[in-house]
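Let's take a walk through this structure, one chain at a time and then across the interface. Have the viewer open as you read.

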Amino acid sequence: MDKSSLLLKDAMDEVRRISHDLSSGVLVNFGLLPALRELGQSISNGSSMQFDITAFGLQGKLEQSLEIQLYRIVQELIANTLKHANAQHISIDLTMNEGQLCLTYEDDGTGFNTGHTAEGIGLQNINSRLEPYSGQLVIDSAPGRGSTFIIQLPINPL
Amino acid sequence: MIRLYLAEDHQLFAEGLMALLSVHKDIDIIGHASNGVTALQQIDALQPDVCLIDINMPEMDGILLSEKLLKQNPKRKILILSTYSNPEFVRNLKTLGVRGFVLKSSGFDVLRKSILLLHEGAQWFEPEIEELLLAENFEPQDADRFTALSRRELEVLSLIGQGLTGNQMAEKLFLSTHTIETHRKNIQTKLGIRSTAALIKYANERGL
């Protein structure tokens with residue numbers, strides 16, 4: 001493997017390791033938002049990737065199985081960005097609006113043709129994670145202009 | 001002599017700590033477990049003065065253990081050891097009734113001092129985290145709403161302020177109209193402002 005592939009592999013291993021740590025600790029104990037903040041912090045530490053998280057209206061925890069699915073989805077999206085996008089900046093927003101949770105994930109990478117590559121990069125996987133929650137994923141991307149993933153799903157009060 | 005109980009699953013860390021504490025004669029480790037279930041039983045039996053509890057442990061983690069111990073006896077003096085410096089953790093732990101929080105990256109002196117303080121009935125939380133918590137509490141609500149906006153939402157809000165339509169914004173930012181509308185909806189939710197006229201006014205007042 002050349003040097004950049006090795007670096008990439010390190011980064012991916014790191015994401016997996018952190019995610020594993022978190023799913024047993026932070027995610028379960030403190031909820032999705034703190035877990036995503038930790039994940040972002042770990043990724044921007046020691047790399048040039050800038051990672052922003054904003055949130056609004058998320059009070060307390062969501063149903064645990066849903067938090068885990070959403071965490072895994074973000075993990076998947078980050079893995080895609082690291083692998084394919086050559087991005088400098090990832091931003092995640094979680095907004096709760098009248099019983100609807102909106103998760104917006106954006107990177108400033110190379111983008112892709114949503115018609116062709118959608119299935120190849122694990123997006124099928126994301127859709128199947130969302131299905132039990134009646135969640136919907138809309139992808140906005142094109143070669144040369146970054147990618148935005150918008151996930152919306154209804155939240156029932158616990 | 002302070003009777004300390006240690007719940008910590010990393011053997012090397014636990015042994016190191018016991019060795020360090022054995023030098024000082026003011027703290028005595030009367031028991032040690034590497035998981036929460038055993039710790040719960042032993043703490044109940046031994047009634048230590050202070051419980052030093054690690055967050056990540058097998059079977060029952062430190063948070064659940066603290067919750068159970070404090071339910072049995074709300075006056076129990078619990079000091080949490082953690083590798084995570086997240087203020088939200090500390091806020092949750094304080095709500096539970098935990099009296100202290102020490103980062104594993106801190107030195108032995110800090111840990112020893114915090115054990116002594118807890119034993120005297122005081123509380124001790126890492127100062128850097130306390131500062132973050134205070135900053136969060138004093139932030140006015142309007143600023144909270146504004147800081148909840150993402151970079152992209154600020155950009156969209158600025159364009160709304162310039163009077164651009166959804167289509168114009170989509171073209172300018174190379175985004176779909178669906179993405180623009182989602183940003184607009186989230187901006188409205190975050191700021192608590194519904195009408196476009198009021199959004200334009202807000203953006204201009206903020207100098208966006």
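Chain B holds eleven helices and six strands. Keep in mind as you look around that this is a predicted model. Of the 208 residues in chain B, 34% count as buried. As for how the chain folds back on itself, take the contacts between residues at least 6 apart in sequence: 61% of these join residues at least 24 apart.

Now zoom in on a pair of helices in chain B. Helix H2 of chain B covers residues 36–46 and helix H3 of chain B covers residues 62–72; their axes sit 10 Å apart, and the two pack at an angle of about 25 degrees. Angles under 35 degrees count as roughly parallel, so that is what H2(B) and H3(B) are to each other. Their crossing is right-handed.

Which residues do the touching? From H2(B) come Gly36(B), Ala39(B), Leu40(B), Ile43(B) and Asp44(B), and they meet Gly62(B), Leu64(B), Leu65(B), Lys68(B), Leu69(B) and Gln72(B) of H3(B). Sort the residues of this contact by character and you get six nonpolar, three polar and two charged.

Finally, swing over to where the two chains come together. Here 24 residues of chain A are in contact with 24 residues of chain B. On the chain A side, the elements that give two or more residues include helix H2 (26–30) and helix H3 (32–44) of chain A, along with strands such as E1 (50–56) and E5 (147–154) of chain A. That side of chain A divides into eight nonpolar, nine polar and seven charged residues.

Notes. Residues numbered from 1 in each chain as written. Chains lettered and ligands numbered in written order. Predicted model: local features only at pLDDT ≥ 70, side-chain atom pairs only at ≥ 80, totals over all residues. Axes fitted to C-alpha atoms, helices over the stretch in contact; angles between N-to-C directions. Helix = DSSP H or I, 4+ residues; strand = E, 2+ residues; numbered from the N terminus. Parallel < 35°, antiparallel > 145°, perpendicular 65-115°, else oblique. Left-handed = near helix turned anticlockwise from the far one by under 90°. Contact = placed C-beta atoms within 7 Å. Nonpolar A, V, L, I, M, F, W, Y, C, P; charged D, E, K, R; others polar. Buried ≥ 20, exposed ≤ 12 C-beta atoms within 10 Å, placed from the backbone.
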